[in-house]
Amino acid sequence: MSRTYLGSAAACAICLFSAPAAFADLTADDVWQQWRGYMERAGYDVKPGATDANSGTLTVSDLALTMSMEGTDVSMTMPEITFRENGDGTVDIGFPASFPLDVMVKEGGEDVALTMTFTHEGLAMTASGDPEETTYDMAADSFGISLDKVEAEGETYEDAASATMEGIAGRYALSAGEVMGYMSDLTADSLSYTVDIADSEGAVKLDGSLTGITSKSTGSMPSEGDPEDMAKYLADGFSADATMGFTGASYAMEAGGEGETVSVQGQSGAGDLGVTFSSGGIGYSGALTDLVLAISGSEIPLPSIDISMGEYGFNFLMPVSKSDAPEDFASAIRFVDLTVSDMIWGLFDPAGVLPRDPATVEIDLSGKANWAVDIFDPENAEAMMGDSLPGEVHELTLNALQVKLAGADLTGSGAFTFDNDDLQTFPGMPRPEGAVNLKLVGGNGLLDKLGQMGLMPEEQLMGARMMLGLFARPGDGEDTLTSTIEIDANGGVLANGQRLR
């Protein structure tokens, strides 16, 4: 949990850079009060050392931001922020060239102290609109953050990590109300980062970069509520929806210790990440194209393990609030056109018996379910850790299934509904009803090759063919099998119309 609040602290500092364009008159005090309210809603205690208004300019000195949440203390001090009225209803905001951020994490009896510094070059930011709808247009040559010191378990690490974003432009908007709305739209030419940590047991160094960055987010923050009480905070109106994309990425990692070393180098084409969080559910998604990865090390019995992939992706969605009505959930993962080097194939197939075509694995599920409790309520922690989760599944759909490997290709789709009032037909679980359709091309050919390689003895091959004969029937095309597995309203299980249960 501490990583979450460290991330929120960094996000708050970035919001100060990219924070709050519309069209009416704004005063310097309007902008300052809006910022203060935004940070307080985010859970920070805001204490300006002094404010000074003079000829349309408001200066806030020694601004201290602190937050304490679940064993994590965050503090940030900004020497000075200026809000300068331009005489046309807009306000320019000025920041110090750098300012510190201190984080103290207390977990399991151990204290971890982090000292960080935020910097910028060429930052220009202007607020326009009115106190109800305010937009902030901004641009900067660069933003930077450095992890100057880490103190943990008696060790001190200096200059442990840093990141720099260049060529930034964007817009951030805030709307007033009991539930404050926000929107951001940011682009950047590049992001580079490095991690360099060494101690008596070993060292890790990581360098990477992203290009062509885009970032968009929308959300809302209630005026009252405690982010630590997430169940109530969501019910009061908190929401967040964010996406980030990039056109290319590269990274290199070196690690070693106790005589062992490992090296990882990789690059990819375009990719994206997405997060959504509200009373309607929590979701994550991501995709990556043209991935190339090389892994080597003292414990790897090859010069390197080389992997490439045309596409990688995942998504996950589930409800988070207590509800009597079924809500959407989803889970999917896909590896498309996965290849490995001939050296890896040669470890188990030196004669080249198996086809070495690119492999694909895809599973895409969706459905309807509901929780009987608020899963973020601490009082329900014991129920969430039990043998059975406190909720119900009502529908499950297999949107897509594909496993394509070594000359065989399995595909499928189907759907089931569940009767949560019937836990007897299938003891301990709601009775399903529905069907799944499967198709296997090249299955027998793969079995022949596994037998030829000696990986499957003859008796195992015979058993596998008997199972295929029981559950499948010949389809159109050479070496093609199809199967329809059904569960009827009475709990009967059928394969291609033949009753199995």
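**Exercise 1.** In this predicted model, decide whether serine 142 is buried or exposed, and place serine 142 in its strand and contacts.

*Solution.* Start with the area: the relative accessible area of serine 142 is 11%. The cut-off for buried is under 20%, so serine 142 counts as buried. Next, the element: serine 142 belongs to strand E9, which covers residues 133-152. Last, the contacts: with neighbours within four places in sequence left aside, serine 142 meets Thr119, His120, Glu121, Thr164, Met165, Glu166 and Ile168.

**Exercise 2.** Describe the largest nonpolar core and the second, separate one.

*Solution.* Begin with the count: the largest nonpolar core holds 69 residues. The residues with the most contacts inside this core are Val31, Trp32, Trp35, Leu63, Phe83, Ile93 and Ile168. Strand E10 (residues 155-175) supplies the largest share of the core, eight residues. A second, separate core has 10 residues, including Phe416, Phe418, Phe426 and Val493. Then take one residue of the largest core: beyond four places in sequence, tryptophan 32 touches Met39, Val46, Pro48, Thr51, Leu58, Val60, Leu63 and Phe83.

**Exercise 3.** Characterise the second largest pocket by volume, lining and residue class.

*Solution.* The volume of the second largest pocket is about 380 Å³. Its lining consists of 19 residues, and Ala369, Leu389, Gly391, Glu392 and Val393 lie nearest the centre. Strands E18 (305-318), E19 (327-340), E20 (359-371) and E21 (391-405) each give two or more residues to this lining. The largest share, four residues, is from E20. Sorted by class, the lining has 12 nonpolar, six polar and one charged residues.

Note on methods:
Residues are numbered from 1 along each chain as its sequence is written. This is a predicted model: local features need pLDDT of at least 70, side-chain atom pairs count only at pLDDT 80 or more; totals for chains, interfaces and linings use all residues. Side-chain values use heavy atoms; hydrogens and water are left out. Buried means under 20% relative accessible area, exposed over 50%, partly exposed in between (1.4 Å probe, protein chains only). Contact means heavy atoms within 4.5 Å. On a 1 Å grid over the protein atoms alone, a cavity is a set of points where a 1.4 Å probe fits but cannot get out, and a pocket is an open set with protein on both sides within 12 Å along at least five of seven lines; lining residues have an atom within 4 Å of a point. Grid points are joined across faces, edges and corners, and a volume is the space filled by probe spheres set on the points. Ala, Val, Leu, Ile, Met, Phe, Trp, Tyr, Cys and Pro count as nonpolar, Asp, Glu, Lys and Arg as charged, and the others, Gly among them, as polar. A nonpolar core is a set of buried Ala, Val, Leu, Ile, Met, Phe, Trp, Tyr and Cys residues joined through side-chain atoms within 4.5 Å.
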